[in-house]
Structure formats: C-alpha cells, structure tokens
Amino acid sequence: RGVRRNCPWNGRVWPMANSHVAEALVRAAEHLDEGLLPAAAEFLRRFTRLLFWDQDPSRPNCFEHYHPFTGQPSTYRGIDDYQHSWLVDLIIRFVCGLRVDGPALAVRPLPMGLERFELENAPWRGHRVAVSWQSSRGLRLWVDGALRGQRGDLGPLGVAP
C-alpha cells in the first residue's frame, strides 16, 4: 500500500514459501501425477535462478523476499543471507536426486534440462555417496568410491543397505 514495512506479507516472493511449494510439487508429481514433474522442475529452476544477482551464478544471495514480477530482491534491509529456506536440500534431493528411502538409498533426479551435475562425498549410513549426470555419459551412483549403479537417462537408481 505504498508503505515500506519491515516484513511485508503482501504478495512478495518468499524463499521459505517457495521451498514449501517446490517440495509439495515434487511429492504430488511422484505420488499423484507424474505429469507434474516438468512443472516441478521448472519451478525449482526458476526459484534457484531467483537467488542470484541478475541470474549470475557467481553472485549468489538469499534475501528475505523478492518482487513477484521483477524478481528484484528486498535490498533495502541490507540482509542477503536470510536462510529461512532449504534450497541446498532441494538441490541435493531433487536436482541431484539423492534420497534416503527408509534403509535404502535412491536416486531420482528431476528433469531439469541440465547438461551435467555432480554431488560428491554425501554421507549415508557411515558411507560416502556420489552422484553424477552428464548427458553424454548418463547417470551414475557411487558408494564409497565403488560404482553401484548407472543408466543412460535420468530414471531411478537404487542401492539396498
């Protein structure tokens, strides 16, 4: 309403709320309608890009809220490390696809349209896990340095305990 407030809940884009929405979209896609997977991937891609100055990956930030149309961060408060979201967790679980399903380990990345990604040295039940994707080589999963699964596409991989 034309008045700058300390914490304006008036239509702003909040990283915490976006984290909830991303989680809900992926769960709905996986449990109710797989047709939602591309929408979940696009939402997470756009949310991630929002958290960089001018979408420059060398300039990360996380402000309290962003303008809903322009994506401009709320710089007036001077706080750019507002960590009430869980973006790193979303990237590990949904971009890299690393999930712990009960005693088993599963890899189910979203179709993000990435040429490549790599996650190394992730802890799992006293082991170290690595996941990599290269569009030319496929998806690979290592546990303690040993290749435990691979496939040519982004489909699921799993490892029993």
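Which pattern does the protein chain follow when read along the sequence? In this predicted model, the order is α-α-α-β-β-β-β-β-β-β. The legends below begin with the whole chain and then turn to individual regions.

**Figure 1. Overview of the protein chain, with its 3 helices and 7 strands.** The helices precede the strands, as the pattern α-α-α-β-β-β-β-β-β-β shows. The protein chain has 161 residues, and 37% of them count as buried. If contacts are restricted to residues at least 6 apart in sequence, 40% of them join residues at least 24 apart.

**Figure 2. Packing of helix H1 against helix H3.** Helix H3 spans residues 87–95, and helix H1 spans residues 15–31. The axes of H1 and H3 lie 10 Å apart and enclose an angle of about 20 degrees. Because angles under 35 degrees count as roughly parallel, H1 and H3 are assigned to that class. The crossing of H1 past H3 is left-handed. On the H1 side, the residues that meet H3 are Ser19, Ala22, Glu23, Val26 and Arg27. Their counterparts in H3 are Leu87, Leu90, Arg93 and Phe94.

**Figure 3. Surroundings of Asn18 in helix H1.** Asn18 has a relative accessible area of 13% and is therefore buried, the limit for this class being under 20%. Apart from neighbours within four places in sequence, the residues in contact with Asn18 are Val13, Phe43, Phe47 and Leu50. Helix H2 covers residues 37–50, and Phe43, Phe47 and Leu50 in this list fall within that range.

**Figure 4. Thr48 in helix H2.** The relative accessible area of Thr48 is 18%, so this residue also counts as buried. The side chain of Thr48 reaches back to the backbone oxygen of Leu44, at a distance of 2.8 Å.

**Figure 5. The open sheet S1-S2-S7.** The sheet consists of 3 strands with antiparallel pairing. Strand S1 (98–101) and strand S7 (157–159) are the edge strands, each pairing on one side only. On average, neighbouring strands of this sheet are turned by 25 degrees against each other, direction ignored. Strand S2 (residues 104–107) is joined to S7 by 3 bridges, and the two run antiparallel. Within this pairing, Ala106 has Gly158 in S7 as its bridge partner.

**Figure 6. Positive phi values at Asn121 and Arg125.** Most residues other than glycine have a negative phi. Asn121, which is not a glycine, has a positive phi of about 60 degrees. Asn121 belongs to strand S3 (residues 116–124). Arg125 is likewise a residue other than glycine with a positive phi, in this case near 50 degrees. Arg125 is placed in the loop between S3 and strand S4 (127–134). With a relative accessible area of 54%, Arg125 is exposed, because the class begins over 50%.

**Figure 7. The hairpin of strands S5 and S6.** Strand S5 (residues 138–143) pairs with strand S6 (residues 146–151) over 5 bridges in the antiparallel sense. There are 2 residues between the two strands of the hairpin. In the turn, Asp144 has a positive phi of about 50 degrees. One of the bridge pairs consists of Leu139 and its partner Arg151 in S6.

**Figure 8. Contacts of Arg151 in strand S6.** Is Arg151 buried or partly exposed? A relative accessibility of 30% makes Arg151 partly exposed, as this class lies between the limits of 20% and 50%. Leaving aside neighbours within four places in sequence, Arg151 is in contact with Gly138, Leu139, Pro156 and Leu157. Leu139 in this list is also the residue whose bridge partner is Arg151. Gly138 and Arg151 are separated by 13 residues in sequence, while their C-alpha atoms are 5.7 Å apart in space. The side chain of Arg151 also makes a polar contact, at 2.4 Å, with the side chain of Asp153.

Notes:
Residues are numbered from 1 along each chain as its sequence is written. This is a predicted model: local features need pLDDT of at least 70, side-chain atom pairs count only at pLDDT 80 or more; totals for chains, interfaces and linings use all residues. Side-chain values use heavy atoms; hydrogens and water are left out. Helices (H or I, at least four residues) and strands (E, at least two) are DSSP runs, numbered from the N terminus. Buried means under 20% relative accessible area, exposed over 50%, partly exposed in between (1.4 Å probe, protein chains only). Contact means heavy atoms within 4.5 Å. A polar contact is a pair of N or O atoms within 3.5 Å; within protein, one must be able to donate a hydrogen and the other to accept it, and residues adjacent in sequence count only if both atoms are side-chain atoms. Two strands pair if DSSP finds at least two bridges between them. Axes are lines fitted to C-alpha atoms, for helices over the stretch in contact, and angles run from 0 to 180 degrees between N-to-C directions. Angles under 35 degrees count as roughly parallel, over 145 as roughly antiparallel, 65 to 115 as roughly perpendicular and the rest as oblique. A crossing is left-handed if the near helix is turned anticlockwise from the far one by less than a right angle, and right-handed if clockwise.
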